Amino acid sequence: MLRSPQPHDTMPAETLYALFVDELRDAYDAEKQLLKALRKMARAAQHPELGAAFTLHHEETTAQVGMLEDVFAMLELKPRGKHCPGIAGILEEGKEALEEMEKSAVRDAALVGGGKRAEHYEIAAYTTLVAMAKALGRRDAADRLQEILSQEIATDKKLDALAKQLLPLATREADD
Ligand code: FE
Ligand code: FE
């Protein structure tokens, strides 16, 4: 999407390397947005296992910010984020569940759905970043980014397993 240039912007991404750096900055900003959101999601969860899953992923996300800083260092760049409107939109959608619902099994179901939306966005972003790093011959960056990607995939799978456990509880709640 076209937008007016921001003062901190680099040149438009006209090379694969520039595009890669641009997407890296987008991911760095996304992780920082997710750090704040995951803390809220952990507190909002009713089921202790869902709360624990969000807390664990908050810790992983803290480490991911560090791993992205490693990648910036590998490229001899200062770590710098660039606002990620994609993840901001997903979090905005998830806010409804956080702000307009009571703590319940149904809200837990909404939290799982919001969490999965965020993970899928990240999986798409890191799959792309790993592929670009490899294409650019940056095996070092690709390996570090792959570590993050693996955590996002594992988190998504864990949310699926939790949904299987939590949705029957939400059904019962609706029957009351
Ligand atoms: Fe992440
Ligand atoms: Fe994640």
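These legends accompany several close-up views of one predicted model.

Local features are described at pLDDT of at least 70 and side-chain atom pairs only at pLDDT 80 or more, while totals for chains, interfaces and linings use all residues; side-chain values use heavy atoms, with hydrogens and water left out. Residues are numbered from 1 along each chain as its sequence is written, and chains are lettered from A and ligands numbered from 1 in the order in which they are written.

**View 1. The protein chain has five helices and zero strands.** Helices (H or I, at least four residues) and strands (E, at least two) are DSSP runs, numbered from the N terminus. Along the sequence the pattern reads α-α-α-α-α. The C-alpha atoms fill a box of roughly 60 × 35 × 20 Å, taken along the principal axes. The chain has 176 residues, and 41% of them are buried. Buried means under 20% relative accessible area, exposed means over 50%, and partly exposed lies in between (1.4 Å probe, protein chains only). Contacts, meaning heavy atoms within 4.5 Å, often span the sequence: among those between residues at least 6 apart, 82% join residues at least 24 apart.

**View 2. The iron ion (ligand 1) is held by residues that include Glu31 and Gln64.** The full donor list is Glu31 (OE), Glu31 (OE), Gln64 (OE1), Glu122 (OE) and Glu152 (OE), at 2.0 to 2.3 Å. Donors are N, O and S atoms within 2.8 Å of the metal (3.2 Å for Na, K and Ca); water is not among the atoms, so sites may look incomplete. Along the chain, the donors of this iron ion (ligand 1) follow the spacing E-x32-Q-x57-E-x29-E. Distant parts of the chain are linked here: glutamate 31 is in helix H1 (residues 16-44), glutamate 122 is in helix H4 (residues 105-135), and the two are 91 residues apart. Glutamate 31 is buried, at a relative accessible area of 1%. Glutamate 122 also counts as buried, at 3% relative accessibility.

**View 3. The iron ion (ligand 2) has a histidine among its donors.** Its coordinating atoms are His57 (NE2), Glu119 (OE), Glu119 (OE), Glu122 (OE) and Glu152 (OE), at 2.0 to 2.6 Å. In sequence, the donor residues of the iron ion (ligand 2) are spaced H-x61-E-x2-E-x29-E. Again the pair links distant parts of the chain: histidine 57 sits in helix H2 (residues 48-74), glutamate 119 sits in helix H4, and 62 residues separate them. Histidine 57 and glutamate 119 are buried. What bridges the iron ion (ligand 2) and the iron ion (ligand 1)? Glutamate 122 does, and the two ions lie 3.2 Å apart.

**View 4. Helix H2 is followed by glutamate 76, a residue with a positive phi.** H2 has 27 residues. From its first C-alpha to its last, H2 reaches 39 Å, close to the 39 Å expected at 1.5 Å a residue. The expected span is 1.5 Å times one less than the number of residues. Glutamate 76 lies in the loop between H2 and helix H3 (85-100). Its phi is near 55 degrees, a positive value in a residue other than glycine. At 75% relative accessibility, glutamate 76 is exposed.

**View 5. The second largest pocket has a volume of about 480 Å³.** On a 1 Å grid over the protein atoms alone, a pocket is an open set of points where a 1.4 Å probe fits, with protein on both sides within 12 Å along at least five of seven lines; lining residues have an atom within 4 Å of a point. Grid points are joined across faces, edges and corners, and a volume is the space filled by probe spheres set on the points. The pocket is lined by 23 residues, and the closest to its centre are Leu91, Glu92, Gly94, Lys95 and Leu98. H1, H3 and H4 are the elements that give two or more residues to the lining. H3 supplies the largest share, 12 residues. By class, the lining has 10 nonpolar, four polar and nine charged residues. Here Ala, Val, Leu, Ile, Met, Phe, Trp, Tyr, Cys and Pro count as nonpolar, Asp, Glu, Lys and Arg as charged, and the others, Gly among them, as polar.

**View 6. Lysine 157 lies in helix H5 (residues 139-175).** Lysine 157 is exposed, with a relative accessible area of 56%. Lysine 157 and lysine 116 are 41 residues apart in sequence. In space, C-alpha to C-alpha, 9.0 Å separates lysine 157 from lysine 116.
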